[in-house]
Amino acid sequence: MFKELRNIEKRDDGIYILNKLGHVAMITLDLEEELYRYAELEEIPDDAPEFIYDLANIGLLEYTNYVPNEDKLYFDDAILKSVDDKPVYRGPVIAHLAITHACNMNCKYCSVKDMHSRIKNGLPTEDYKKMIDKLVDIGAFQIGLTGGEPTTRPDLVELTRYVASKNVACNLTTNGYNVPEKMIIDLKEAGLTQVQISLDSYKKEVHEKYRTEGSFDRAMETARLFKKHGFIVGVDTVVTNDNLNDLEAFMDFLEENNFDGLTIIKLKQGHLDLETFKKQVPDYDKYAEVIDKICRRNGPLKVTIDCSSVSNLCKTLTLEEQNKIHSAGCPAGHSLISIAPNGDMFPCAALTNDNYKIGNLLTDDLEKVWNESELLKGLRGVKNKVEGKCKTCPKLDVCRGGCRGIADSLSGKKFSSDANCKINI
C-alpha cells in the first residue's frame with residue numbers, strides 16, 4: 001500500500017509519487033498497471049517486480065510482511081543516462097526558495113551572503129505565493145523554505161501552510177538560533193513535518209568557529225522542541241578540515257540525541273576568501289575515507305551526502321556499490337533550482353552569483369527559462385563540455401564532473417574539472 005501518500009500525478013513522461021516524508025519517485029508509464037496492482041496489496045508477493053521492492057525500500061510503499069532494506073537506494077537513472085542538454089524533468093522537482101535575506105547569524109562560509117546582501121527588502125507574502133504557484137504548476141514536488149533565516153520572516157507559518165495546501169512536501173532549513181515553541185506548534189498545524197537544523201559538530205567550539213557564539217546550545221534546544229512536537233529532525237553539516245575527523249563521533253552524538261537524519265555538505269567557498277577556502281575544503285583522500293565508512297555504517301541515522309561529495313565516493317567505492325547510494329552527481333538543470341528572496345533564479349545554492357543568474361521567478365516564464373536557458377543547457381550537458389582530467393575519467397557518468405561551485409571557485413571557469421577531486425592523480 002502507498003505509505004503516507006501526499007500526491008501521485010500522471011504526466012507525459014511517467015507517474016510521479018510523493019509521500020509526506022518528501023520521498024519522490026518516477027515510474028515509467030508502461031509500469032502503471034503493475035504499480036496500482038501491487039500498491040493495493042497488504043503483503044508483497046515473492047514474485048513482485050524489482051521496482052516494487054525499490055519503492056518499498058525508499059518508503060513509498062509498505063507491506064506487512066516486508067522490512068525495507070534502507071541500504072538499497074538508487075541513483076536517479078535518468079540523470080545518470082543523460083548525455084545532452086535536454087532536461088530530464090519538465091521542471092525542477094526540488095526548489096529551494098529563500099523567503100528573506102535577513103539572518104540572525106553571521107556564518108563565514110554562507111553561500112548566499114554576498115548575493116543576498118544587495119537585497120534590502122523582502123517581497124510581500126503574495127509575491128512568494130505567486131512563485132510557489134509557478135513552481136507547483138511546472139511540477140515541483142518539494143519546496144524548501146530557506147533564507148537568510150526563514151524563521152525571522154513573520155509570515156513563515158502562512159507560507160508553510162500555502163505550500164502544504166498544494167500537496168507538495170514542505171521542508172524548512174533553519175539555524176535554530178531563535179525559534180519559539182509557539183512557532184513550532186503553529187508550523188506543525190500548518191502542515192510542516194520535517195526540518196533541517198544547521199549543526200556542524202558535537203563540539204561547541206568547532207560548530208561556532210564559522211557560525212555565531214552561543215549558536216550551538218540554541219540549535220540543540222530548538223531541535224529538542226521540534227522533536228517534542230513530533231517533527232522529523234535532520235541536521236545539515238558543512239564539512240571542513242576542522243570537523244572532518246569527528247564525523248563518525250558526531251553521528252554517535254546525533255543518534256544519542258534522537259536526530260533522524262544527517263546531510264553532509266562539502267564546504268563551498270561562499271563568503272570565504274579563496275585562500276581560507278583552499279585551506280578548509282576537506283582533503284580529498286581523507287574525506288573519501290571518512291564518507292566511505294559512513295556509507296557502510298549501520299544505524300538508525302539516515303545519512304545523505306550532497307552532490308559535491310559523490311566524486312569522493314568514486315575514490316573508494318566500486319560502480320556496483322555506488323549504485324546503492326541515492327545520488328547522481330550534479331543535478332543542476334535537471335531536478336533542482338534555487339531562488340533568492342527577490343525571485344532571482346540560480347541553478348543551485350553553490351552557484352549563487354551574477355554569472356549564474358538564469359532569470360527571475362516572479363517576472364519570467366519559468367517553463368521557458370527551464371527549457372531554453374543556455375546556462376542550464378550547458379550544465380545539463382556538462383559531460384560533453386567538461387575540460388581537463390574529468391573528460392576521460394571512467395566515473396564521469398556517476399559524478400558528472402564534480403561540483404560546479406567548487407570548480408568555479410578554484411578555476412574561475414564554468415566547465416573546468418573539479419580541482420578538489422584527485423581520483424586521476
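Select Y202 in this predicted model. Y202 has a relative accessible area of 29%, so the residue counts as partly exposed. Add F253, which is buried at 16% relative accessibility. What kind of aromatic pair do Y202 and F253 form? The pair is tilted, with 6.2 Å centre to centre and 35° between the planes. Y202 sits in the loop between β7 (194–198) and α8, while F253 belongs to helix α10; the two are 51 residues apart, and their pairing links distant parts of the chain. Extend the selection to F216 and F250: ring pairs link these two with Y202 and F253 into a cluster.

**Helix α10 and the sheet**

From F253, select the whole of helix α10, residues 247–256. The helix lies across β8 (232–239), β9 and β10, and runs at about 165° to β8.

Now show the sheet. Its 10 strands follow the order β10-β9-β8-β7-β6-β5-β4-β11-β12-β13. The sheet is open and its pairing is mixed. Which strands stand at the edges? They are β10 (302–305) and β13 (359–360); each has a single partner strand, so one side of each is left without a neighbour in the sheet.

At the β10 edge, select β9, residues 261–266. β9 and β10 pair in the parallel sense over 4 bridges. For a specific position, pick L262, whose bridge partner in β10 is V303.

**Helix α5 and a salt bridge**

Select helix α5, residues 125–138. Which strands does α5 lie across? They are β4 (94–98), β5 (142–146) and β11 (336–339), with α5 running at about 170° to β4.

Within this helix, show D133 together with K166. Their side chains meet in a salt bridge, at 3.1 Å from N to O. K166 is in the loop between α6 (156–165) and β6 (169–174) and D133 is in α5, so the salt bridge ties together parts that are 33 residues apart in sequence. Both ends are partly exposed: K166 has 29% relative accessibility, and D133 has 23%.

**Other salt bridges**

The structure holds 24 salt bridges. For one within a single helix, select K182 and D186. Their closest N and O atoms are 2.7 Å apart. Both residues lie in helix α7 (residues 181–190), 4 residues apart, about one turn of the helix. Are these two residues buried, partly exposed or exposed? D186 is partly exposed at 25% relative accessibility, whereas K182 is exposed at 54%.

Next select D242 and K209, a salt bridge with closest N and O atoms 2.9 Å apart. This pair links distant parts of the chain, with D242 in the loop between β8 and α10 and K209 in helix α8 (residues 204–209), 33 residues apart. D242 is partly exposed at 28% relative accessibility, and K209 is partly exposed at 39%. Then select E126, K129 and E158, which salt bridges with shared partners join into one network.

**Q280**

Go back to D242 and K209 and add Q280, which is in contact with both. Q280 lies in helix α11 (residues 274–280). Its relative accessible area is 7%, so Q280 counts as buried. Leaving aside neighbours within four places in sequence, the other contacts of Q280 are Y210, T240, N241 and L267. With Y210 there is a side-chain polar contact of 3.4 Å.

**The loop between α3 and β4**

Select V83, which is placed in the loop between α3 (77–81) and β4. V83 is exposed, at 51% relative accessibility. Show V382 as well: the C-alpha atoms of V83 and V382 are separated by 8.3 Å, although the residues are 299 apart along the chain. Beyond neighbours within four places in sequence, V83 is in contact with K383 and N384.

A search of the whole structure finds 8 aromatic pairs. For one of them, select Y16 and Y89, an edge-to-face pair with 5.9 Å centre to centre and 65° between the planes. Y16 is in strand β2 (residues 14–19) and Y89 is in the loop between α3 and β4, so that distant parts of the chain, 73 residues apart, are linked. Where Y202 is partly exposed, Y16 is buried at 1% relative accessible area, and Y89 is buried at 10%.

Conventions:
Residues are numbered from 1 along each chain as its sequence is written. This is a predicted model: local features need pLDDT of at least 70, side-chain atom pairs count only at pLDDT 80 or more; totals for chains, interfaces and linings use all residues. Side-chain values use heavy atoms; hydrogens and water are left out. Two strands pair if DSSP finds at least two bridges between them. Contact means heavy atoms within 4.5 Å. Axes are lines fitted to C-alpha atoms, for helices over the stretch in contact, and angles run from 0 to 180 degrees between N-to-C directions. A salt bridge is a side-chain nitrogen of Lys or Arg within 4 Å of a carboxyl oxygen of Asp or Glu. Buried means under 20% relative accessible area, exposed over 50%, partly exposed in between (1.4 Å probe, protein chains only). A polar contact is a pair of N or O atoms within 3.5 Å; within protein, one must be able to donate a hydrogen and the other to accept it, and residues adjacent in sequence count only if both atoms are side-chain atoms. Rings of Phe, Tyr and Trp (its six-membered ring) pair if their centres lie within 6.5 Å; planes under 30 degrees apart count as stacked, over 60 as edge-to-face and the rest as tilted.
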